[in-house]
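Reader: I'd like to walk through this protein with you, starting broad and ending on a single residue. Can we begin with the ground rules?

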Amino acid sequence: MNAQQWLDKVNLKASSVKEVPESFSSTVYNVNLVTGETVFLKIPRSVQKFRLEKEMLERFKGHLPVPEIVACHEDGVLVLEALEGAPATGVVSEKLAWEIGELLARLHAIPVDPEDYGGAVRDEFSRWSEFLPAQFYSFAEDAKKVLEPELFERSLRRFEELRRDLPPPDGPSFIHMDFRPGNILVRDDHVTGIIDFESVRIGSTELDFTKIERDVCQRFPGTREAFEEGYRSVRPLIDLDRVLPFYRMTDAFNSIGWSQRMGLEKNRDFFERNVKILKECLA
């Protein structure tokens, strides 16, 4: 089904449509409507992911700078407001890192209410010690097909070694699960929005720090300290030095499995970056 056929389901007409690159888990289009309005058309990979995205956008409204739902259809399509700004994939200043830290803390500070259970969002916090290995060993089935046997076996051993040293989980909190620069919108060195909620869980906050550490803090001097200060302006920060070695290694390993599962050739660059990170973690 093409973009206009999806738009027909919600009675909207486009004057132009452009597919958004680097959208890994959904099909996303930048759409100019005949009315002159610009929106984003998002088709999640499954109805479950559609329902989760819709539920979280409604839940986080008023707490976080999230896009409004312009229209939706239960067949699995969302039409979203185009927020100002662009993904934070360029240079990140200390000021911007502070705001990113504050943004993540605001997400983690949203109270998980009794009515949040039982909907589209899954509660993984109550089974956190089972959730982490279940996710890891699920991706291991795919990673085994593409990793050298010795590297694969070392990864399994290291996972178990580091997991034993983890502190008690921090939560329950809403966790984004893909908190990275590509999902943070900025304009003029200022955070303007956060997007992509189809992987949100109720879980432990520690899982949300890995990608910012990799893509921001390790790339731009001074941003780690600024990010932490921004986070602490809202809520206490866990001991990142204790948890990041585990989550960095696990994220790289799971990303390798994901690359194989979703198609290795089209995800080759992502796969190779994560093999490099995995080897660094095991060195």
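Author: Sure. Here, contact means heavy atoms within 4.5 Å. Bear in mind that this is a predicted model.

Reader: Using that, which residues is Asp116 in contact with, leaving aside neighbours within four places in sequence?

Author: Asp116 sits in the loop between α3 (94–109) and β7 (122–123). Once the neighbours within four places are set aside, its contacts are Arg59, Pro111, Val121, Phe174 and Ile202.

Reader: Is Asp116 buried or exposed?

Author: The cut-off for buried is under 20% relative accessible area. Asp116 has 8% relative accessibility, so Asp116 counts as buried.

Reader: Which side chain makes a polar contact with the side chain of Asp116?

Author: There's a backbone partner too: the nitrogen of Asp113 lies 2.7 Å from a polar atom of the Asp116 side chain. For the side-chain partner, the distance is 2.8 Å, and the residue is Arg59.

Reader: Zooming out, what radius of gyration does the protein have, against that of a compact globule?

Author: The C-alpha atoms fill a box of roughly 55 × 45 × 40 Å along the principal axes. For 283 residues, a compact globule would come out near 19 Å, and the protein agrees with that, at 19 Å.

Reader: And what share of the contacts with a separation of 6 or more comes from residues 24 or more positions apart?

Author: For background, the protein has 9 helices and 11 strands, and 51% of its residues count as buried. Among contacts with a separation of 6 or more, the share from residues 24 or more positions apart is 71%.

How values were computed
Residues numbered from 1 in each chain as written. Predicted model: local features only at pLDDT ≥ 70, side-chain atom pairs only at ≥ 80, totals over all residues. Heavy atoms only, no water. Helix = DSSP H or I, 4+ residues; strand = E, 2+ residues; numbered from the N terminus. Rg over C-alpha atoms; globule rule 2.2 N^0.38 Å. Buried < 20%, exposed > 50% of the residue type's maximum accessible area, 1.4 Å probe, protein only. Polar contact = N/O pair within 3.5 Å; in protein donor to acceptor, adjacent residues only side chain to side chain.
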